[in-house]
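Me: I'm new to this one. Please walk me through it at an easy pace.

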Amino acid sequence: MKMNYKTERLSLRILPDTAAEQTLQFYLDNKEVFEQYEADRSPNFYTIEYQKTLLHCEYNLAVKQAAARFWVYEQDSPLRIVGTVSLQDIRRGFYQTCSLGYKFDQAIWRRGYAKESIAKCIWIAFEEMNLHRIEALTLPENIPSRKLLDGLGFAWEGTKRQSVKLHGIWRDHEVYALLAEEAKKALMKAIP
């Protein structure tokens, strides 16, 4: 796995801690939208120091191939983050699996950037990392995310009941999964 990849329109990068200001701006620009779908954040999350520490940890996990968070940029705008796609909880051995996470700046929704960058990460997971399965979770009411996963070839597997506590309430998650052999069929055009 490399630290930088390109798609037709995008650049995907694993960032060093020197990019903390960019990641902080990305989170601040989308705070209201992201916080609807994520666990409560500690107040210091929205600081340069916290982002620097987080990027340092994520970089080390990527070097070990235990996780990989790719920050997404438009190729013609290399200083502004428009999204992030991550391969988390990478498990080797007889599992060969990971979890997919993603979020994109609301200013660029409906341009196909999520699908383009996730397709590249699927290719990385299956072709370079030799994983067998990718799981993705979404809240039942997050219809755009469910449609995105469906369009990428993920299959709905069921509901994880009360699997995460968001804003003090236990919430269900819909479970989607994609297998390596399915990805090759579903994404022949989308995967470079």
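Reply: Let's start with vocabulary: helices (H or I, at least four residues) and strands (E, at least two) are DSSP runs, and they are numbered from the N terminus. With that, we can place Gln96 in the loop between β4 (77–91) and β5. As for the source, this is a predicted model in which local features need pLDDT of at least 70 and side-chain atom pairs count only at pLDDT 80 or more, while totals for chains, interfaces and linings use all residues. Residues are numbered from 1 along each chain as its sequence is written, and side-chain values use heavy atoms, with hydrogens and water left out.

Me: Okay, how many helices and strands does the protein have?

Reply: Six helices and eight strands. Along the sequence they follow the pattern β-β-α-α-α-β-β-β-α-β-α-β-β-α.

Me: And in what order do the strands sit in the sheet?

Reply: The order is β1-β2-β3-β4-β5-β6-β8-β7, in an open sheet of eight strands with mixed pairing. β1 (4–6) and β7 (155–166) are at the edges with a single partner strand each, so one side of each has no neighbour in the sheet. From one strand to the next, the twist averages 30°; angles like that run from 0 to 180 degrees between N-to-C directions, with axes as lines fitted to C-alpha atoms (for helices, over the stretch in contact).

Me: What does it take for two strands to pair?

Reply: DSSP has to find at least two bridges between them. In general, strands of a sheet pair through backbone hydrogen bonds, either parallel or antiparallel.

Me: Which way do β5 and β6 run, parallel or antiparallel?

Reply: Parallel: four bridges join β5 (residues 97–104) to β6 (residues 133–138). One partnership there is Leu100 with Ala136 in β6. Between the two strands the chain goes through helix α4 (residues 113–128), making a right-handed β-α-β crossover. Right-handed here is judged with the strands pointing away from the viewer: the path from the first strand over the helix to the second runs clockwise.

Me: What about β6 and β8?

Reply: Those two are antiparallel, with six bridges, and β8 covers residues 169–179. Glu135 has Ala177 of β8 opposite. β8 also pairs with β7 in the antiparallel sense, over eight bridges, and Trp156 has Tyr176 in β8 as its bridge partner.

Me: How many residues lie between the strands in the hairpin of β7 and β8?

Reply: Two, and His167 takes a positive phi near 55° in that hairpin. Gly168 sits in the loop between β7 and β8 as well.

Me: Is Gly168 buried or exposed?

Reply: Exposed, with a relative accessible area of 54%. The cut-offs are under 20% for buried and over 50% for exposed, with partly exposed in between (1.4 Å probe, protein chains only). Gly168 and Asp40 are 128 residues apart along the chain, yet their C-alpha atoms are separated by 8.6 Å.

Me: Back to Gln96: what is its phi?

Reply: Near 50°, which is positive in a residue other than glycine. Most residues other than glycine have a negative phi. Gln162 has a positive phi too, about 45°, and lies in strand β7. Gln162 counts as exposed at 53% relative accessibility.

Me: Switching topic, what is Glu74 in contact with?

Reply: Leaving aside neighbours within four places in sequence, Glu74 touches Arg9, Leu10, Arg80, Val82, Arg111 and Tyr113; contact means heavy atoms within 4.5 Å. Glu74 is in strand β3 (residues 68–74) and counts as buried at 13% relative accessibility.

Me: Now zoom out. What is the radius of gyration?

Reply: It's 16 Å, which agrees with the value near 16 Å for a compact globule of 192 residues. The radius is taken over C-alpha atoms, and the globule rule is 2.2 Å times the number of residues to the power 0.38. The C-alpha trace spans about 40 × 40 × 35 Å along its principal axes.

Me: How much of the protein is buried?

Reply: Buried residues make up 45% of the 192. Also, among contacts between residues at least 6 apart in sequence, 62% join residues at least 24 apart.
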